[in-house]
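Trainee: Could we go through this structure together, one question at a time?
Mentor: Happily! Let's have a look.

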Amino acid sequence: MKWLKITLASVTTLYLLSFSGLALQQRAMIYPRHALLVTPAQAGLSDVETLRLKTEDGETLEAWHRAPKDARFPLILYFQGNAGPLADRKKRFDKLTRHGYGLLATSWRGYGGSTGAPSEEGLMRDAEAAYAEALRRGFKPERIVVMGESLGTGVATMLAARHGAAALVLDSPYDSVLAVAQSRFPIFPVSLVLQDTFRADEAIGKVRAPVLMLVGEDDRITPAANARRLFERAGEPKQLIALPGVSHLALSSPGALEKTMDWIDAAATASPARDPAQ
């Protein structure tokens, strides 16, 4: 009997220590910040300029910007995932801008070139600053395509629920960080301690713009099941592109970005005969 009590006490102690460590390190896990600062020119995007955006709470954000080719094309308001600098998205930024779209991509607070420390509230302030900058530059909501990847899909969804947009594009989305954490750590009551829940599932129904979601069927970071639950909550018009054999960041798979641009062209790009301001 004594050995059983000792074993139970040891297991309980280990469990509590593990749960405490998870609680204390949660933001380090959600935001594995990368302070590396790479300029657009260093990344091979010589036609992209660097902006410095101010947030409502006084932080300064690094942002990359390129104007659209002409008035027919929308501005892609791009929100990155939780890892790496903006330069890691060089290939997709290059394809988007070469197609003719404008680009405004923001480096999250605490990431390369940006001040502050990340949190859900902070990232939403960053997104609001980016949207305000787009408006300041003369883009009406019907010329702004909100696009997010991975963690940024929650931010993009919540922003599009608050403001008008021409379209919402989500690469490897999730229904909530809470749901992802619960599935990843089922033995712990993560809902009791999780600070940043990113409830995209509660926001998606308020989005009035067309929605496109790209999902990798083999995604182990934001599982396809979570993305499908989010898709079910979205209003019409909406489209889900499910890619068999593809893991995280589905937009990087062959042909996915081209399909996305075709969809954006149909949903948000003005014809030459029509003034997009009308």
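Trainee: Leaving out residues up to four places away in sequence, which residues does Gln-80 touch?
Mentor: Keep in mind that this is a predicted model. Contact here means heavy atoms within 4.5 Å. With sequence neighbours up to four places away left out, the partners of Gln-80 are Leu-86, Arg-89, Thr-106, Ser-107, Trp-108, Tyr-111, Glu-149 and Gly-152.

Trainee: Is Gln-80 buried or exposed?
Mentor: Gln-80 belongs to the loop between β3 and α3. A residue is buried under 20% relative accessible area. Because Gln-80 has 0% relative accessibility, it counts as buried.

Trainee: Which backbone oxygen does the side chain of Gln-80 reach?
Mentor: A polar contact needs N or O atoms within 3.5 Å. The Gln-80 side chain comes to 3.0 Å from its partner, the backbone oxygen of Gly-84.

Trainee: Let's move on to the helix. Which residues of α3 are buried?
Mentor: Helix α3 covers residues 90-99. Its buried residues pack against β2, β3, β4, β5, β6 and α9, and after the helix comes Gly-100, with a positive phi near 125°. The buried residues themselves are Arg-92, Phe-93, Asp-94, Leu-96 and Thr-97.

Trainee: What kind of aromatic pair do Trp-64 and Phe-93 form?
Mentor: The count of aromatic pairs comes to 4. For Trp-64 and Phe-93, the ring centres are 6.3 Å apart and the planes meet at 70°; planes over 60 degrees apart count as edge-to-face, so this pair is edge-to-face.

Trainee: How many residues apart in sequence are the parts that this pair ties together?
Mentor: Trp-64 is buried, with a relative accessible area of 1%, and Phe-93 is buried at 0%. Trp-64 lies in strand β2 and Phe-93 in helix α3, so the pair ties together parts whose separation in sequence is 29 residues.

Trainee: What kind of pair do the rings of Phe-79 and Trp-108 make?
Mentor: Phe-79 sits in strand β3 and Trp-108 in the loop between β4 and α4, and both are buried. Their ring centres are 5.7 Å apart with planes at 10°, so the pair is stacked.

Trainee: Which residues form one aromatic cluster?
Mentor: We have already met two of the members, Trp-64 and Phe-93. Tyr-78 belongs as well, so to speak of the full cluster is to name Trp-64, Tyr-78 and Phe-93.

Trainee: Over which ring does the charged end of Lys-238 sit?
Mentor: For a charge over a ring, NZ of Lys must be within 6 Å of the ring centre. The charged end of Lys-238 is 4.6 Å from the centre of its ring, that of Phe-231.

Methods
Residues numbered from 1 in each chain as written. Predicted model: local features only at pLDDT ≥ 70, side-chain atom pairs only at ≥ 80, totals over all residues. Heavy atoms only, no water. Buried < 20%, exposed > 50% of the residue type's maximum accessible area, 1.4 Å probe, protein only. Helix = DSSP H or I, 4+ residues; strand = E, 2+ residues; numbered from the N terminus. Polar contact = N/O pair within 3.5 Å; in protein donor to acceptor, adjacent residues only side chain to side chain. Phe/Tyr/Trp six-rings, centres within 6.5 Å; stacked < 30°, edge-to-face > 60°. Lys NZ or Arg CZ within 6 Å of the ring centre and 35° of its normal.
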